[in-house]
Structure formats: C-alpha cells, structure tokens
Amino acid sequence: MTELSDERPGPQDETLLRIDDLVVNYPVPHSDQKVHAVSGVSLEVKRGETLGLVGESGCGKSTLGRALLQLPRPTSGAVSYEGVDLTRLRERELRKYRSSLQMIFQDPIASLNPRWSVARIVSDPLAVHDRGTRQQRREKTAEVLSAVGLDPSTMQERRPHQLSGGQSQRVAIARALVLEPALIVCDEPVSALDVSVQAQILNLLEDMKDRYDLSLLFISHDLAVVHNISDRVAVMYLGKLCEVGTPDAIFKHPAHPYTQALIRSIPVPSPGAAPEADEHLAADLPSPIHPPSGCRFRTRCPLATERCAAEEPQLVRVDADQFVACHYPLWPAPKTREYVPASSTRSSNASTAE
Amino acid sequence: MTTELAEGNPESPDEPVIRVSDLRTTFRERSGETTVLDGVTLNLGSREALGIVGESGSGKSMLVRSIMGLLPRTAKRTGEVTYRGRDLVGLDSRALRELWGTAMAMVPQDPMLSLNPVRRIGSQLMEPLFLHLKLGKVAAHQRVLELMGMVGLPDPERRFTEYPHQLSGGMRQRVLIAAALACGPQVLFADEPTTALDVTVQAQILMLLRNLQQEKQMAMILVTHDLGVVAGCTDRVIVMYAGRIVEAAPTPRLFSAMRMPYTQALFSSIPRMDQPPHTRLEIIPGGPPDPAARITGCRFASRCPYVQDKCREAEPPLVAWEEDQNHLYRCWFPIEQSASVGPVPVPVREPSVP
C-alpha cells in the first residue's frame, strides 16, 4: 500500500533520493514465516538536508538505511537516485552509484580493518573505484584526513588499535567522504561514544555536510541528538513511519502518541526531572513476524480503539511541516482539528492496493 | 597528593554504610604502573542514591569494582574501604563472597551477556537463595516468584521456566535486578544499567531502581556517563575525571550551581531539546590524560578554557564551598555562580573553536 504521493513529506523538486513503498522482509530460518522489517515506507531525502530517522531497536530503521544502498536488496518498492531506480539495476550497474551513497556505522573500531593502516583504509575506496593516480589518491587521502581533523603526517601510518573511539569514527567518516558522495547513511554514528566525543563528531558531521555539500540520513535512537542535527525527522515504529516533520514541529507538538511517549521517556539533565515511564510502553514491542493489524502501535497505545485494529492509518498532513499516521492525532488539538483524509492519492508508483 | 582534606569528605545525610578513604587503585603493567583511582574519599549514606558520572576511563567503574573487591589480580588497592565499619580491603575472596549478594549486589551493564543462556530463568534466580539464605526448594521457588513480581516481570510462573533468549532486553534487565535483590542487599551497585537498552525501556528500569531503592531503604550507587540519567534518580552526584573526584554535590545543587569547569563542559556538550536544531555543541578539546603519565597540577588543565599558571603548577585540593559544605570541587578558579562570592575565573584563552 502506498503511503502517499500527493502529500508526501518534502517538496518534489530538490529530491536527491526517493523511496517509494519500500518493503524489506527477511525469511525466518527453518520456516515459511517472514520478518516484516520494513513495510511500505515512502520518504524523500532532499539535497543538502539531514533527515533523522528515530525509533526503538527492532523498528527497522537500520534495515531501511541499508536497503537504500541495496544492502540487502529490498523485497519490493523503489529507491530512486537521480531518477534511476536502484532496485532495478544489476550489481555491475549499481557499482557506479555506490560511490555516491556511502555509510558509516555505530561501532567505529569494528568497522575498520585492524590490519590496515589509516592511509590504506581511507584510500581503499579510491582504488576500488579506480580513481586517479597513486599520487592523486595519496593527496586526496591526506586532504580528507585533514578535513576530519586528523593530522595526516602522524595518523596515516597508524592502525585501528592505536586509535581512540573518536579518532576511529573520524577515520570512518574520512573513508566515507573520500569518494565525494552525495548521501551518507549514518547508522547510530555516535551511540558508542562518550558525550564529549559525541559532540565533536556531531559538529564534524555538520561541518562536513557544508563543506562537501552532503545529504545525511541520520539513524539514531537518541532523540536529543536527532533533534540537534536534523532538518527533518522521521519516526519509525515496527517497519512503518508514524510521523515525519521538522524537529521543531515534532518535538514541540508531537501528533503521534508514540512520538509523544518517546519524547517523555528521555532523561533530561535537570534535577527532579525524572523520566516518565509510560506504562503502556511497558508492553514489549510486538513481534515483527506477526505485526498487529491496522495501526501497528495500537497494542501499546493509550488511545487505541477498534478502528485502530481494523483500519490502517495513512500518513497525512496535520501541519505545514508535519505528517502523521494516526486516526486520533494529538496535534492539532483534537477539537479544532480539520481532518485531511489520505484518500486523495495521486498514486505515482501504481502499487496502491485498493 | 595522598590525603584529602578532612573537612572535604562528602558528608552523607545519614549514617554511612560504606566509607571510602584515600582509595588508590593501581594496575601493574609491563610498561609500569597505571593509576586508575587516586585518593578517592567518600561516604555513602545508608539510604542514599549516589550517582557517579564521568567519561570512559575516568575511573567510575573502577571505583565500584574497587569498593566491591571485584578487581583482577594485577590490580592493587590501598587506602580504606569499610562496610558498616568492617574493613573490606584486607578480606580474602572467600569472606568477600559472603558479602556479595547479601550486603552488596550489582546490576550489570549488559543484560544480554550476564545471564547463563542454557539455564532457565527460575533456576538462575534460585541459586543465590540456596547459596546465601540456605532456602529449601519450595521456599526458594516462592521467593523467586515474589522477586519477579517486585521487579514487574509479567507472568512470573511462565518466566520461571523460560530461557534468557525468550526475554527482551528490558525483561532480562529486570531479571538481573531481581537477582541482585534476591538476598536483600544493603547496597546496590548499578554500573550503566540502561546503556544497552532502548530509551523507553531505560526510563522504566531507572524508575524501577529508584523506587526499589527507596522502598527497600537501600543505598544505591548508579554509575553512568549520562548526566540526564543521574538528574532524575539520585540524591547526590560525584563527577570523576582521570581517577579523581572533581566535584560532588547534592543533585539539585550540582545542576543549579556547577563549580568545576569540567562538569560544566560535560554538561554543555550534551545536545538539549530546549535548544534549537543545529545549535553548535560545545566541545572539550583534546582527550583525558594518559593514566600512566605523571601530572603535576590540575588534571583537567590541558583542556580547561579557564586555565591559569597556577593550575599547571599545583593540583587543587577537593574543597567544600563555603556556601554549602556538601558541595565539593577541585578547582583553583571555580566557576562564579550568581549567588556565590567565590573567585571569578578569568578566561585567558578562548575555548578552541574547531
């Protein structure tokens, strides 16, 4: 089922990457069942923007990030980059797009080859893509290392075990930057770091975004981090999007009960501000093998009714910069709400299950 | 510096259950001796929830392990640690083992790694009851069901016969809290108990720990790198840096009137929801000192924006603030707070801007 097309979040003109009704299922070993990791997500990444993607573990946010890079190939749906649907390309054709779409990972030390020098780790993508002469590659490597705040003369001969967590993440960022990509998928890039190092890496990502004209898909479970770095935020729950909007809109007046519960549970660094443990959320995340019917959040939602079990809510606009998939959105305040139904779909991908 | 000022001891509101005096923990290594804790003095009140905050390598986990006696053979403790007046430093492992569980218990960081994967939950929870309380099988079973109810595990009878892999991360952490509480300890140590959990689950576990601590009238030491975590559920906070206590204060006091520049820097490096998106985070330049290095002067001097010559020449002692004897800090030029009459720090160089 297509989420939307007419009211898809984000203007259509500056789209860098466009995801249409993306589905990723994993087979469950020794059975016919499937894990529904991503179930029909439509979203756009605009040129030059940072799109934050938040949700609990197991909500499919990492799978979505990887599926954009065709790692693994999505089950169905389209991922269009510069008008080309990557899901239809063969591995060889896909290769030339790989340099434009890069990724950095959560565990910076584990994502570097322990036997290689920093210089080799960073320059390897250039060699793989057969860019420039040796001398040019060396120069480019030194340039990106300086850009991420590492002194090439002292760092390039080091090996990963000689680096701190923060330095390792800088090397991983340098490796992602060396091919001058258009988009970097950042999968929990600061979760394994101390707060002081986390601040350095977040500032660095902002600087690199400006300097290299990047778009970022920033995946994180930390709402404060996402609030800080994102131009738009997408909240994901059990393989579906609940809410998409600007950080200001989403965090000041969340429209989806799940977003509100997430925000309430953040520990705030001020005394007496105890995080609220929402008792509805005490129930576990339902199994993605048998997701609930209708709205997937209904089993943990304080507002759920029969309608939520019977009918799946579509992502609709509730404010200029805010889209929500909920039958009973919290914003605008229920009394004054003008409900805009999602039925006016100008289906672009012709995959609407009517 | 070997001894702290006598009047600098963090005074607890009630009778201390644990006293630590001039504790020093060193590791023998091939390259020489590494000092991970240097002259730590603190009292833990018998009903106090104490937060210990610091970056990786600050010695916060080592402090907990040094108090409990959970150190590897290469480590050496000097100084004094007493539990209800009883010396712990000289005890052999056998005597210590009798105290673990009954007097002091620990909730570990990673609930995935801390349960035996091939034994049922019930049998793992009954073990300490057999060992320490010498309960019979029926009584132990009954007690385990009570414990499971106490930590909010739904459906205890079923959980009893399940294996760890059948439980979610939050439920496993509840099992481990039940295990820690099994023999009614007086002091509960929780070392980053929520770091491996989702934010929604984190709030529930923190509230559970805080409620149980108050209900059972235990003392609790909560080790974390997250200032937001200590804010909501501790009475007092200790900030550690490079093996030393650098600031200690009642929790509301610490957040309203930080005196130590390090605490301030740590606090400012956290992304906050009340700041607009893309607010540049303040960073702490450089990294913590090498624990093997001998440092004269303040250990934070090389990273401090307010550093003066005096800071490099002599290490400041941990002193009590004249306005509040419970507020200790280790700084020659503490941060001026509006209500205070302390010396005003003069920035001699701007914090380096990346």
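Here is a chat about how the labels on this predicted model are earned.

Me: What makes Met126(B) count as buried?

Reply: Count the company it keeps: Met126(B) has 22 other C-beta atoms within 10 Å. The cut-off for buried is 20 or more, so Met126(B) passes and is called buried. You'll find Met126(B) in helix α3 of chain B.

Me: And what does Met126(B) touch, not counting residues up to four places away in sequence?

Reply: Ala140(B), His141(B) and Val144(B). On the other hand, Asp92(B) sits 34 residues from Met126(B) in sequence and 25 Å from it in space, C-alpha to C-alpha. A contact needs C-beta atoms within 7 Å.

Me: Why is Arg158(A) called partly exposed?

Reply: Same kind of counting. Arg158(A) has 15 other C-beta atoms within 10 Å. Exposed would need 12 or fewer, and buried would need 20 or more, so with 15 Arg158(A) lands in between and gets called partly exposed.

Me: Where is Arg158(A) in chain A, then?

Reply: In the loop between α5 (152-155) and α6 (165-177) of chain A. Arg158(A) touches Ser117(A), Val118(A) and Leu163(A), leaving out residues up to four places away in sequence. Trp116(A) is 42 residues away along the chain, with 8.4 Å separating its C-alpha atom from that of Arg158(A).

Me: On to helix pairs. How do you know whether α3(B) and α6(B) are roughly parallel or roughly antiparallel?

Reply: Look at the angle. The axes of α3(B), residues 121-131, and α6(B) cross at roughly 20 degrees and come within 8 Å. Under 35 degrees counts as roughly parallel, so α3(B) is roughly parallel to α6(B). The crossing of α3(B) past α6(B) is right-handed.

Me: Which residues make the contact of α3(B) with α6(B)?

Reply: From α3(B) come Ile121(B), Gln124(B), Leu125(B) and Pro128(B), while α6(B) brings Val175(B), Ala178(B) and Ala179(B). By class, that contact has 6 nonpolar residues, 1 polar and no charged.

Me: What makes α6(B) and α7(B) roughly parallel?

Reply: The angle again. Helix α6 of chain B covers residues 169-181, helix α7 of chain B covers residues 199-215, and their axes cross at roughly 15 degrees while coming within 10 Å. The limit for roughly parallel is under 35 degrees, so α6(B) and α7(B) earn that name. Here too the crossing is right-handed, with α6(B) passing α7(B).

Me: Which residues meet where α6(B) and α7(B) touch?

Reply: On the α6(B) side they are Gly169(B), Gly170(B), Gln173(B), Ile177(B) and Leu181(B). On the α7(B) side they are Val201(B), Gln204(B), Ile205(B), Leu208(B), Leu209(B) and Leu212(B). Sorted by class, the contact of α6(B) with α7(B) has 7 nonpolar, 4 polar and no charged residues.

Me: What about the contact between the two chains: how many residues does each one put in?

Reply: Chain A gives 40 residues and chain B gives 39. On the chain A side, α7 (195-212), α8 (223-229), α9 (247-252) and α10 (257-264) each supply at least two residues. The most comes from α7(A), with 7 residues. By class, the side of chain A that touches chain B has 21 nonpolar, 13 polar and 6 charged residues.

Me: How much of chain A is buried?

Reply: Of its 354 residues, 48% are buried. Chain A also has 11 helices and 12 strands. Among its contacts with a separation of 6 or more, 67% join residues 24 or more positions apart.

Me: How do you know where the predictor's confidence is low in chain A?

Reply: Check the pLDDT, the predictor's confidence in each residue. Chain A averages 87, and 87% of its residues score at least 70. But pLDDT stays under 50 over residues 1-8, and again over residues 336-354.

Me: And which stretches of chain B have pLDDT below 50?

Reply: The mean pLDDT of chain B is 87, and 91% of its residues reach 70 or more. Over residues 1-12 the value is below 50, though this stretch has 32 contacts in the model beyond near neighbours in sequence. Residues 338-354 are below 50 as well, with 19 such contacts. For the complex, the predictor gives an ipTM of 0.82 and a pTM of 0.85.

Conventions: Residues are numbered from 1 along each chain as its sequence is written. Chains are lettered from A and ligands numbered from 1 in the order in which they are written. This is a predicted model: local features need pLDDT of at least 70, side-chain atom pairs count only at pLDDT 80 or more; totals for chains, interfaces and linings use all residues. Helices (H or I, at least four residues) and strands (E, at least two) are DSSP runs, numbered from the N terminus. Ala, Val, Leu, Ile, Met, Phe, Trp, Tyr, Cys and Pro count as nonpolar, Asp, Glu, Lys and Arg as charged, and the others, Gly among them, as polar. Axes are lines fitted to C-alpha atoms, for helices over the stretch in contact, and angles run from 0 to 180 degrees between N-to-C directions. Angles under 35 degrees count as roughly parallel, over 145 as roughly antiparallel, 65 to 115 as roughly perpendicular and the rest as oblique. A crossing is left-handed if the near helix is turned anticlockwise from the far one by less than a right angle, and right-handed if clockwise. pLDDT is the predictor's confidence in each residue, from 0 to 100.
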